[in-house]
Amino acid sequence: MAKISVLMATYKERKEHLSIAIESILNQTFKDFEFIIILDNPENSVHIDLIKEYQRKDDRIKFYINEKNMGLPKTLNKGIQLASGQYLCRMDADDMSESNRLENQLDYLCSNGYDLIGGLSTMIDEDGNIIYKIKSVPTDFNKIKKALKYNQVISHPTWFGKIEVFKSLNGYRLIPLCEDYDFTLRAVLKGYKVSNLNINVLNYRMTKNSVSRSNLYEQYLYMRYITNQYSDGKVADLSLAGQYVNQHKNKRKSNAYLRSNMYFNEMLNKLELKQYGKFCILGIKLIFSSKDYLKKIYRLLRVSMYS
């Protein structure tokens with residue numbers, strides 16, 4: 001039995017990105033793991049051929065193909081049930097883990113008695129260029145419990161935790177766009193201890209689709225609902241969450257929110273490059289773009305108080 005189960009779902013990522021993601025796991029300094037890869041697109045012959053090629057070279061890879069597209073939450077839940085390790089590590093199919101990620105996260109989690117942890121990420125573009133770096137995240141459990149009222153602070157692609165956490169919560173619930181946030185809130189409400197390792201564990205690839213996807217405003221509305229419930233010590237009711245989003249979603253506000261998100265990510269990039277003039281210009285545009293996105297930034301500022 002492997003000590004760690006690394007779980008990755010694939011769909012339609014670029015071949016070269018998938019290859020980088022796979023190799024970043026296979027080349028870990030910590031070797032005792034199984035690598036569960038589930039393809040959620042049975043017609044993707046490019047992925048099938050590539051993953052089988054790696055599987056022939058490394059028997060730690062356990063490759064499964066869904067009969068039909070199931071979506072990410074259901075695919076991850078399938079992987080959780082297949083996992084045989086004591087610990088589970090999440091990996092996305094277009095990211096790149098640091099070579100000592102498993103070693104460092106396992107040591108941090110075990111040494112401090114945590115149940116689920118994340119870590120820092122460096123945001124990169126489709127060509128691997130650095131956009132910006134996450135400098136720090138909350139690590140103290142009591143502070144994290146407060147920070148979670150405002151934003152997700154345990155980055156999903158960096159998750160590493162005890163398998164019992166995932167299985168006791170029956171995996172992810174089918175809440176659109178916020179399944180990881182919902183999982184974190186439920187874990188904390190159930191009494192599990194969560195934290196972050198404050199070193200970089202992952203290069204997170206931000207594609208054009210991830211920055212400009214049209215459902216960002218709906219995600220914000222779901223986040224607003226489940227955090228309101230969490231603040232009252234409750235697990236969100238999924239049907240009521242859906243009703244709340246349907247009542248509040250608005251095409252004009254959605255477009256403004258999306259535009260603001262693009263400004264915000266450009267601002268972080270200009271800050272990383274120390275281009276302060278362009279940073280300020282983008283900031284002015286953002287201020288007059290979306291009130292809801294300003295509320296989102298307020299939430300991020302509240303979170304920063306706990307870092």
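## Exercises on salt bridges and a buried strand

K162 forms a salt bridge with D115, the closest N and O atoms being 3.2 Å apart, where a salt bridge is a side-chain nitrogen of Lys or Arg within 4 Å of a carboxyl oxygen of Asp or Glu. This pair links distant parts of the chain, since K162 lies in strand β8 and D115 in the loop between α4 (101-112) and β6 (116-124), 47 residues apart; helices (H or I, at least four residues) and strands (E, at least two) are DSSP runs, numbered from the N terminus. The model is predicted, so local features need pLDDT of at least 70 and side-chain atom pairs count only at pLDDT 80 or more, while totals for chains, interfaces and linings use all residues. Residues are numbered from 1 along each chain as its sequence is written, and side-chain values use heavy atoms, with hydrogens and water left out.

**Exercise 1.** Decide whether K162 and D115 are buried, partly exposed or exposed.

*Solution.* Begin with the cut-offs: buried means under 20% relative accessible area, exposed means over 50%, and partly exposed lies in between (1.4 Å probe, protein chains only). K162 has a relative accessible area of 25%, so K162 is partly exposed. D115, at 10%, counts as buried.

**Exercise 2.** Find where the partners E272 and K135 lie along the chain, and classify E272 and K135 by accessibility.

*Solution.* First, E272 and K135 form a salt bridge whose closest N and O atoms are 3.1 Å apart. Next, E272 belongs to helix α11 (residues 251-272), whereas K135 sits in the loop between β7 (130-133) and α5, 137 residues apart. Finally, E272 is partly exposed at 27%, and K135 is exposed at 61%.

**Exercise 3.** Explain why strand β4 (residues 87-92) is described as largely enclosed by the rest of the structure, and identify strands that pair with β4.

*Solution.* Start with burial: six of the six residues of β4 are buried, and therefore the strand is largely enclosed by the rest of the structure. In a regular strand the side chains alternate between the two faces of the sheet. In β4, Y87, C89 and M91 on one side and L88, R90 and D92 on the other are all buried, so that both faces are covered. Then turn to pairing, which requires that DSSP finds at least two bridges between two strands. Strand β1 (residues 4-10) runs parallel to β4 and is joined to it by six bridges, with D92 as the bridge partner of A9. Strand β8 (residues 160-162) pairs with β4 in the antiparallel sense over three bridges, and here K162 is the bridge partner of Y87.
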